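Me: Please examine the model shown here and answer a series of questions on its fold, its cores and some selected side chains.

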Amino acid sequence: MPELELADTGAARRLDDLLVRVASGDRQAFESVYQLASGRLFAICLHVLRDRSDAEEVLQDVFTSVWHKAAQFDRAKAAAMTWLSMMARNRAIDRLRAAPPRPLDDLSVADEIPDFAPQPAQVAEQASDRQRLDDCLDTLEPRRRSLIRLAFLDGASYEELARRIGSPLGSVKSWIRRGLGQLRVCLER
């Protein structure tokens, strides 16, 4: 059976029904739940634990719990995949917390710490993009330029801008829309 797609409400309802049957000891329903959900649950475990063998063990624990605790599932509170996903995530986090901490002097840990700082090429590209945006903003009529900066760089709402400058809301929206159109044309050059 293919893995359950969350957007498929029929498959989601089927999984709900299967869990109800598992609660009554239906082994075939349990096998179907495993076939439908194991891929997604394994991905959750692997994402949290970053170790395939640990993720496999946690997945096995999750399905053991599903067999024993299926009666606790309440479709009025959550969909079956949500209930299963939370169980997998919580078990994986518990496993992660139970693992002995790595010694701080182990430098191999440094390779696993993500570096979120932008790379030099990204910094240069962002600076170039920013300069192009500033140049294009400078080509706009001052009122449009000011409104766009306040709306998109300072986070002011259209209503707030209309109150600040004492103009009708429709006019403010129109000025901003036209200015954005001019910016688009300028940036596409």
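The questions and answers below concern this predicted model.

Me: What pattern of secondary structure does the protein follow along the sequence?
Reply: The protein has eight helices and zero strands. Read in order along the sequence, the elements give the pattern α-α-α-α-α-α-α-α.

Me: What percentage of the contacts with a separation of 6 or more joins residues 24 or more positions apart?
Reply: The protein has 189 residues, of which 30% count as buried. Among its contacts with a separation of 6 or more, the share held by residues 24 or more positions apart is 58%.

Me: How much of the accessible surface belongs to carbon and sulfur atoms?
Reply: The accessible surface of the protein comes to about 12,600 Å². The part of this surface that belongs to carbon and sulfur atoms is 52%.

Me: Which helix gives the most to the largest nonpolar core?
Reply: The largest nonpolar core has 29 residues, and those touching the most other members include Leu-15, Val-33 and Leu-84. Helix H1 (9–23), helix H2 (27–49), helix H3 (52–69) and helix H4 (80–98) each supply at least two residues of this core. With nine residues, the one that gives the most is H2.

Me: How many residues form the second, separate core?
Reply: In the largest core, Leu-19 is among the residues that touch the most other members. Beyond its neighbours within four places in sequence, Leu-19 is in contact with Val-33, Val-66, Ala-70, Phe-73, Ala-80, Trp-83 and Leu-84. A second core, separate from that one, includes Cys-136, Leu-140, Val-172 and Ile-176, and its residues number 15.

Me: Is Leu-41 buried or exposed?
Reply: Leu-41 has its place in helix H2. Not counting residues up to four places away in sequence, Leu-41 touches Leu-59, Val-62, Phe-63, Met-81, Leu-84, Ser-85 and Ala-88. Because its relative accessible area is 0%, and the limit is under 20%, Leu-41 counts as buried.

Me: How far apart in space are Leu-41 and Phe-63, C-alpha to C-alpha?
Reply: Phe-63 is among the residues that Leu-41 touches. The two are 22 residues apart in sequence. In space, their C-alpha to C-alpha distance is 9.7 Å.

Me: Which residue offers the backbone oxygen that the side chain of Ser-38 reaches?
Reply: Ser-38 is found in helix H2 and counts as buried, at 13% relative accessibility. Leaving out residues up to four places away in sequence, Ser-38 touches Val-33, Leu-59 and Phe-63. At 2.8 Å, its side chain reaches the backbone oxygen of Tyr-34.

Me: Is the aromatic pair of Phe-30 and Trp-67 stacked or edge-to-face?
Reply: The structure holds four aromatic pairs. In this one, Phe-30 lies in helix H2 and Trp-67 in helix H3, 37 residues apart. The ring centres are 5.3 Å apart with 75° between the planes; because an angle over 60 degrees is the criterion, the pair is edge-to-face.

Me: Is Trp-67 buried, partly exposed or exposed?
Reply: Ring pairs link Trp-67 with Phe-30, Tyr-34 and Phe-63 into a cluster. The relative accessible area of Trp-67 is 26%. Because this value falls between the limits of 20% and 50%, Trp-67 is partly exposed.

Me: At what distance from the ring centre of Trp-175 does Arg-143 lie?
Reply: Arg-143 lies over the face of Trp-175. The distance from the ring centre is 3.9 Å.

Conventions: Residues are numbered from 1 along each chain as its sequence is written. This is a predicted model: local features need pLDDT of at least 70, side-chain atom pairs count only at pLDDT 80 or more; totals for chains, interfaces and linings use all residues. Side-chain values use heavy atoms; hydrogens and water are left out. A nonpolar core is a set of buried Ala, Val, Leu, Ile, Met, Phe, Trp, Tyr and Cys residues joined through side-chain atoms within 4.5 Å. Buried means under 20% relative accessible area, exposed over 50%, partly exposed in between (1.4 Å probe, protein chains only). Helices (H or I, at least four residues) and strands (E, at least two) are DSSP runs, numbered from the N terminus. Contact means heavy atoms within 4.5 Å. Accessible areas come from the Shrake-Rupley method with a 1.4 Å probe; for residues, only the protein chains shown count as cover. Rings of Phe, Tyr and Trp (its six-membered ring) pair if their centres lie within 6.5 Å; planes under 30 degrees apart count as stacked, over 60 as edge-to-face and the rest as tilted. A charge sits over a ring if NZ of Lys or CZ of Arg is within 6 Å of the ring centre and within 35 degrees of the ring normal. A polar contact is a pair of N or O atoms within 3.5 Å; within protein, one must be able to donate a hydrogen and the other to accept it, and residues adjacent in sequence count only if both atoms are side-chain atoms.
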